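Visitor: Please walk me through one part of this structure up close, and explain the terms as you go.

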Amino acid sequence: MGKVMLRGGIRLYDGKELSKDKPITVLFPKGDAVYPVSQHIGVPAKPVVAVGDKVLVGQRIAEARGVVSAHVISAVSGTVKAIEERLTASGELCESIVIENDGAFTTTEQFGIRREYESLSKEEIRQYIKDAGVVGMGGMGFPTHVKLTPKRDDAISYVIVNGAECEPYLTADYRLMLEEGERLVKGLKILLQLFESARGVVLITDDKKEAVRRISGLVKNEERISVKVVKARYPQGAERQVIKAVTGRSINSSMLPADAGCVVHNVETVISVYQAVAESIPLIRRVITVSGDGVAAPQNFLVCTGTSYGELVEAAGGVKENPELLLVGGPMRGKAFAELTVPVTKTSSALLAFSENAVVKLPTSPCIRCGRCIAVCPSRLVPQKLVKYAQHSDKEGFMRRDGMECCECGACTYVCPAGIPLTQSFRQLRRSILDERRKR
């Protein structure tokens with residue numbers, strides 16, 4: 001892996017060499033496990049346990065409510081200690097189930113029972129995925145069983161596995177493609193059982209040469225599955241860019257991937273589908289990249305949901321002195337936070353620590369109209385114009401200038417010599433517009 005390019009030829013340091021060659025380390029939590037009931041897009045789940053109840057690994061502790069929702073399942077055994085509001089990595093309070101971990105990790109009787117997935121019906125596959133609480137693990141958290149239930153199965157012509165992982169420093173998907181490639185391919189084959197007329201494509205960037213060789217070797221005899229190699233260019237992993245690269249089709253903010261005949265899933269989501277359907281293992285663990293120059297020993301961990309970020313930092317050798325910046329997620333789209341007691345959830349992807357916060361030290365000055373933000377925008381927008389609408393909360397003007405097509409990749413903010421927080425301004429206004437639409 002090397003440098004990643006932005007549109008416009010601007011080079012972006014990727015930092016992946018810190019963790020890409022280190023095998024995934026399994027980490028079991030020592031302390032209490034905390035489970036927010038909202039770890040997905042949609043209606044929060046409803047707790048189905050009470051304080052004092054004994055729970056097992058693989059037991060459902062919160063039930064999905066409504067069409068777009070997902071179950072929450074315990075990754076530890078122990079006793080329900082509290083059901084109360086707890087802080088999450090997003091900085092918001094969320095109703096959470098706190099389990100006193102007994103350290104035994106005793107599972108339910110159904111946990112780990114193998115199934116012959118080739119003979120399962122579509123309804124059974126979708127039900128097993130729903131029962132396992134699988135959601136999109138690339139960050140959005142859309143319930144997977146809902147995404148896999150389009151209006152017409154025969155309208156889907158591509159099932160795409162997004163292996164781009166273009167965010168700097170993140171290497172979890174890369175390690176999974178190397179270490180869990182068989183499960184990835186089998187998970188894709190399960191998804192193709194749902195869509196008989198679809199082809200499976202694994203998209204990988206050309207800087208991940210070992211992953212390309214690994215997955216290409218696994219699918220060489222698969223008639224319906226191929227590997228698509230694309231240039232390592234941020235934000236190639238964005239859903240619209242993935243669809244365009246594989247199919248040549250375009251979608252906008254008012255469309256779903258299914259409108260272009262596509263279903264797109266993150267690498268770990270597809271592996272979780274295989275585990276849910278073939279191995280009766282619900283979504284209770286995920287791989288987290290712990291990296292950055294402020295971390296003593298950067299690496300990837302397979303960690304139980306509910307584990308505190310503090311335990312992750314400890315397992316990575318701790319932080320160097322006092323890092324100025326902690327991020328959950330990648331450096332381009334992640335969020336700053338300061339409380340390491342918050343839990344890992346289904347949508348967590350990384351914990352990054354940096355010795356210096358270069359962003360706050362960059363003085364903000366007036367726009368000099370250099371055009372760099374325009375050159376790097378993957379949606380071909382004009383950020384220097386959009387920011388004026390955002391600063392004045394001019395929703396009509398923002399939408400008229402196609403502001404809703406912004407994918408919030410952060411590229412414009414990264415290259416702005418004036419230090420203007422472009423993406424942050426767009427994100428706030430876009431959220432406000434989306435909230436208004438939901439209320440209608």
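Guide: Let's get one term straight: helices (H or I, at least four residues) and strands (E, at least two) are runs assigned by DSSP, numbered from the N terminus. This is a predicted model, where local features need pLDDT of at least 70, side-chain atom pairs count only at pLDDT 80 or more, and totals for chains, interfaces and linings use all residues. Residues are numbered from 1 along each chain as its sequence is written, and side-chain values use heavy atoms, with hydrogens and water left out.

One quick stop before the close-up: Ala-411 sits in helix α13, which covers residues 411-415. With a relative accessibility of 1%, Ala-411 counts as buried (buried is under 20% relative accessible area, exposed is over 50%, partly exposed is in between, with a 1.4 Å probe and protein chains only). Ala-62 is 349 residues away from Ala-411 along the chain, and their C-alpha atoms are 38 Å apart.

Now for the part I'd like you to look at closely: strand β11, residues 158-163. Of its 6 residues, 5 are buried, so β11 is largely enclosed by the rest of the structure. Strands pair if DSSP finds at least two bridges between them. On that basis, β11 runs parallel to strand β12 (residues 199-205), joined by 6 bridges. Find Val-161, and you'll see that its bridge partner in β12 is Val-202. β11 also pairs with strand β15 (residues 262-266), again in the parallel sense, over 5 bridges. There, Asn-162 stands opposite Asn-266.

Follow the chain on from β15 and you reach helix α7 (residues 267-278), which packs with helix α3 (residues 172-179). Two packed helices are described by the angle between their axes and the distance between the axes. For α3 and α7 the angle is about 45° and the axes are 9 Å apart (axes are lines fitted to C-alpha atoms over the stretch in contact, and angles run from 0 to 180 degrees between N-to-C directions). That makes α3 oblique to α7 (under 35 degrees is roughly parallel, over 145 roughly antiparallel, 65 to 115 roughly perpendicular, and the rest oblique). Asp-173, Leu-176 and Met-177 of α3 meet Val-267, Glu-268 and Ile-271 of α7, contact meaning heavy atoms within 4.5 Å. Sort those contact residues and you get 4 nonpolar, no polar and 2 charged (Ala, Val, Leu, Ile, Met, Phe, Trp, Tyr, Cys and Pro count as nonpolar, Asp, Glu, Lys and Arg as charged, and the others, Gly among them, as polar).

Stay with α3 for one more pair: the side chains of Arg-175 and Glu-179 form a salt bridge, N to O at 3.0 Å (a side-chain nitrogen of Lys or Arg within 4 Å of a carboxyl oxygen of Asp or Glu). They are 4 residues apart in α3, so about one helical turn separates them. Arg-175 is buried, at 9% relative accessible area, while Glu-179 is partly exposed at 30%. Elsewhere, salt bridges with shared partners link Arg-114, Glu-180, Arg-183 and Glu-279 into one network. The count of salt bridges comes to 25. Among them is the one between Arg-152 and Asp-154, with closest N and O atoms 3.0 Å apart; Arg-152 and Asp-154 are both exposed.
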